[in-house]
Each structure stands twice: as C-alpha cells, then as structure tokens.
Amino acid sequence: MGTFHHGKGDLHGITVVVHGRDGRTWVGRCDTIDDAGVHLHDADLHEPATATQPREQWLSNAVAWGIWPRLPHVLVHSADVERVERLGTLRA
C-alpha cells in the first residue's frame, strides 16, 4: 500500500524520527525528503540542552502516546540529518 501523492516519497504521511547530527531529535509527520532536507508537519523537538527528560524516554513516550505537535512545519536541513526512521519501528 502506498500514497496517492506522486513524487512525495515512501515516507510521505508517516510519523518519523529524525536524528540530528548535533543530538537534537525531531518527531513528526513526513511530507518529503529532498535535497534541502526532511520536511515535517505537526512535529516536536527534543533539544538536549533544555530537555526535562532523556532522549530515549522522550522517544519511548512518543511511541506510546504520540507527541505534542508544537511545530506546524519543520525543515531539518540535509547537513543536519544523521538518519531518519519510522517512529513505529521503535519500542515503547
């Protein structure tokens, strides 16, 4: 099963985790991945410098209950992306 949005990519509409090279982590609904980076909708960010819980706990909570969509649209620039994975592949 795929999407009907041609050219958007396999992760279009899927909730993904974007691991940043600097330790930041985003969770959001993937729109596209292109040369500019990863475009997310309805996302949240784990910022290590200001986080109230460790990243692994934050991700575990995201798997179990979802996220609070604090960021309507985010572009994580290609140079900042370490890897992208489906949130559903993680365990709570």
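## From a hairpin to a pocket

Let's start at the turn: in the hairpin of β1 and β2, which has four residues between the strands, glycine 23 takes a positive phi near 100°. Before we go further, please keep in mind that this is a predicted model.

The strands on either side of that turn, β1 (15-20) and β2 (25-34), pair in the antiparallel sense, and five bridges hold the pairing. To find your place in this ladder, look at threonine 15, whose bridge partner in β2 is arginine 29. β1 also pairs with strand β5 (residues 81-86); the two run antiparallel and are joined by five bridges. Here glycine 20 is a handy landmark, as it stands opposite valine 81 of β5. How enclosed is β1 by the rest of the structure? Five of its six residues are buried, so the strand is largely enclosed.

While you are at β5, have a look at its charged side chains. Arginine 83 and glutamate 85 meet in a salt bridge, with 3.7 Å from N to O. This contact belongs to a wider group, since salt bridges that share partners join Glu82, Arg83 and Glu85 into one network. Arginine 83 itself is partly exposed, because its relative accessibility of 39% falls between the limits of 20% and 50%.

Now turn to the helix. The buried residues of α1 are Trp58, Leu59, Ser60, Asn61 and Ala62. Which strands do these buried residues pack against? They pack against β1, β2 and β3, so the strand we found to be largely enclosed is among the helix's packing partners. At the start of α1 (55-65), arginine 55 forms a salt bridge with glutamate 56, and their closest N and O atoms are 2.8 Å apart. Arginine 55 is partly exposed at 26% relative accessibility, whereas glutamate 56 counts as exposed at 51%. Just after α1, the chain reaches glycine 66, which takes a positive phi of about 90°.

Further along, in the loop between α1 and β4 (71-77), you come to arginine 70. Arginine 70 forms a salt bridge with aspartate 44, the closest N and O atoms being 3.3 Å apart. Aspartate 44 belongs to strand β3 (residues 37-46), so the pair ties together parts that are 26 residues apart in sequence. Are the two partners buried or exposed? Arginine 70 is exposed, with a relative accessible area of 56%, while aspartate 44 is buried at 7%. A search of the whole structure finds six salt bridges, and this pair is one of them.

Both partners of that salt bridge lead us to our last stop, the largest pocket. It is lined by 16 residues, and Asp44, Leu45, Gln53, Trp58 and Arg70 lie nearest its centre. About 280 Å³ of space lies inside. Which elements give two or more residues to the lining? They are β3 and α1, and α1 gives the most, with four residues. Trp58 now comes up again: it is one of the buried residues of α1 and one of the residues nearest the centre of the pocket. By class, the lining has seven nonpolar, six polar and three charged residues. Asp44 and Arg70, joined by their salt bridge, are among the residues in this lining.

How values were computed
Residues are numbered from 1 along each chain as its sequence is written. This is a predicted model: local features need pLDDT of at least 70, side-chain atom pairs count only at pLDDT 80 or more; totals for chains, interfaces and linings use all residues. Side-chain values use heavy atoms; hydrogens and water are left out. A salt bridge is a side-chain nitrogen of Lys or Arg within 4 Å of a carboxyl oxygen of Asp or Glu. Buried means under 20% relative accessible area, exposed over 50%, partly exposed in between (1.4 Å probe, protein chains only). On a 1 Å grid over the protein atoms alone, a cavity is a set of points where a 1.4 Å probe fits but cannot get out, and a pocket is an open set with protein on both sides within 12 Å along at least five of seven lines; lining residues have an atom within 4 Å of a point. Grid points are joined across faces, edges and corners, and a volume is the space filled by probe spheres set on the points. Ala, Val, Leu, Ile, Met, Phe, Trp, Tyr, Cys and Pro count as nonpolar, Asp, Glu, Lys and Arg as charged, and the others, Gly among them, as polar. Contact means heavy atoms within 4.5 Å. Two strands pair if DSSP finds at least two bridges between them.
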